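Student: Please take me through one part of this structure slowly, starting from a single loop. I would like to see which backbone features and side-chain contacts lead on from it to other elements.

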Amino acid sequence: MTEPLLAIRGIKTFYGNIMALKGVDLHVDAGEIVTLIGANGAGKSTLMMTTFGQPRAREGAIIYDGRDITRLPPHMIAKLRIAQSPEGRRIFSRMTVLENLQMGASITDPSYFADDLARVCELFPRLKERLAQRGGTLSGGEQQMLAIGRALMSRPRLLLLDEPSLGLAPLLAKQIFSAIRTLNERDGLTVFLVEQNAYRALKIAHRGYVIVNGEITLSGTGAELLARPEVRAAYLEAGRH
C-alpha cells in the first residue's frame, strides 16, 4: 500500500489554553481531492493553518511525502511544493494582478513563469483581462481566482484551499469549483479543500471528512457523505447552490 501524500496523525492544536484540534487523523492520497466540512468554529481553518505551520501543532505529526513537516516554518513548507490559498483571499491589494502572480512564482525556477502564467490565465480568463489592474479593485470572485492563481504559480504538488467559495455569488462559486476539478483531472493536482458549501465540495471530492468541535466524526467518499442523513440534515439543507 502506498503512503499518502499528506498524513495528519493525532494533531492537537491550541489557542492559549483552549484545545482547538483534539487529536485529528486524516490523510490525502496523491491525485485526490479531499474535502473537510464542518460548522463555523469546528476547527476547519485551524487544521488548514496548522498543516502550513502556523499555528504549530502541540502534539501529533504532519507527514508530507514521507517527511515530518510538523515543526517546519511556513516558508520551508512552501518550498516543498505545498501551496495555500487562505480564507479571506489575502491578496496583495496594492499590487497588480501580474505582480501578485509574480509573488506566487518567487520560489520557483523563473524559466517556468511564462508557461505557468499562460496556464493560470487559461483557467481564469478574467485574470488575463486584468493583469495590469490592482488586486484591491477586483470583485470578490476575481480576488478568489487571483488567490488560487497565485498559489498555482508556485507549481505545487499539494494545494490547500480554505473556503474558496466564501462570500461568492452561486455562479462564481460554481466557476471556482469547476476550476478545482479541472486542476485535479487535467493536471493531477492533489487538493485538500476546506469548505462551508458542503454540497458543492462533496460533489467534486473523492473523499471527505466531517469535523465537529475539533474532532473528526465521519469520513467516506464524497458520494457516501452526501447520502448520510446526519450530513444532509446538518450541512446540506441550505447549501444546494
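**From an unusual peptide bond to a helix face**

Tutor: In this predicted model, Pro 55 sits in the loop between helix H1 (44–51) and strand E4 (59–64) (helices, H or I, of at least four residues and strands, E, of at least two are DSSP runs numbered from the N terminus). The peptide bond that leads from Gln 54 into Pro 55 is cis, its omega being near 5°. Numbering starts from 1 along each chain as its sequence is written, and side-chain values use heavy atoms, without hydrogens or water. Local features need pLDDT of at least 70 and side-chain atom pairs 80 or more, whereas totals for chains, interfaces and linings use all residues.

On the H1 side of this loop, helix H1 lies across E3, E6, E7, E8 and strand E9 (207–212). On the other side, E4 carries Glu 59, whose side chain meets that of Lys 12 in a salt bridge at 3.6 Å, N to O (the cut-off is a Lys or Arg side-chain nitrogen within 4 Å of an Asp or Glu carboxyl oxygen). Because Glu 59 belongs to strand E4 and Lys 12 to strand E1 (residues 6–15), the pair ties together parts that are 47 residues apart in sequence. Both partners are partly exposed, Glu 59 at 40% relative accessibility and Lys 12 at 25% (buried is under 20%, exposed over 50%, partly exposed in between, with a 1.4 Å probe and protein chains only).

Beyond E4, in the loop that leads to strand E5 (67–68), comes Asp 65. Its phi is near 50°, a positive value in a residue other than glycine, and at 46% relative accessibility Asp 65 counts as partly exposed. Arg 155, in the loop between H6 and strand E7 (158–162), likewise has a positive phi, of about 55°, although it is not a glycine.

Arg 155 also opens the way to helix H4, since its side chain meets that of Asp 116 in a salt bridge of 2.6 Å, N to O. That pair links distant parts of the chain, from the loop between H6 and E7 to helix H4, 39 residues apart. The two ends differ in accessibility: Arg 155 is partly exposed at 26%, while Asp 116 is buried, with a relative accessible area of 3%.

Within H4 (residues 113–123), Asp 116 is buried together with Leu 117, Val 120, Cys 121 and Leu 123. Seen down the helix axis, the buried residues of H4 fall within an arc of 160°, and so they line one face (the arc is taken from the directions from axis to C-beta atoms). Ala 114, Asp 115 and Glu 122 are exposed on the other side of H4. The buried residues pack against helix H3 (97–104), helix H5 (125–129), helix H6 (140–152) and helix H7 (170–187) (contact means heavy atoms within 4.5 Å).

Glu 122, on that exposed side of H4, is linked with Arg 119, Arg 186 and Asp 187 in a network of salt bridges. Two of the helices that H4 packs against, H5 and H6, are themselves joined by a salt bridge between Glu 142 and Arg 126, with the closest N and O atoms 3.6 Å apart. Since Glu 142 lies in H6 and Arg 126 in H5, this pair ties together parts 16 residues apart in sequence. Here Glu 142 is buried, at a relative accessible area of 6%, and Arg 126 counts as partly exposed at 33%. In total, the structure holds 14 salt bridges.

How values were computed. Axes are lines fitted to C-alpha atoms, for helices over the stretch in contact, and angles run from 0 to 180 degrees between N-to-C directions.
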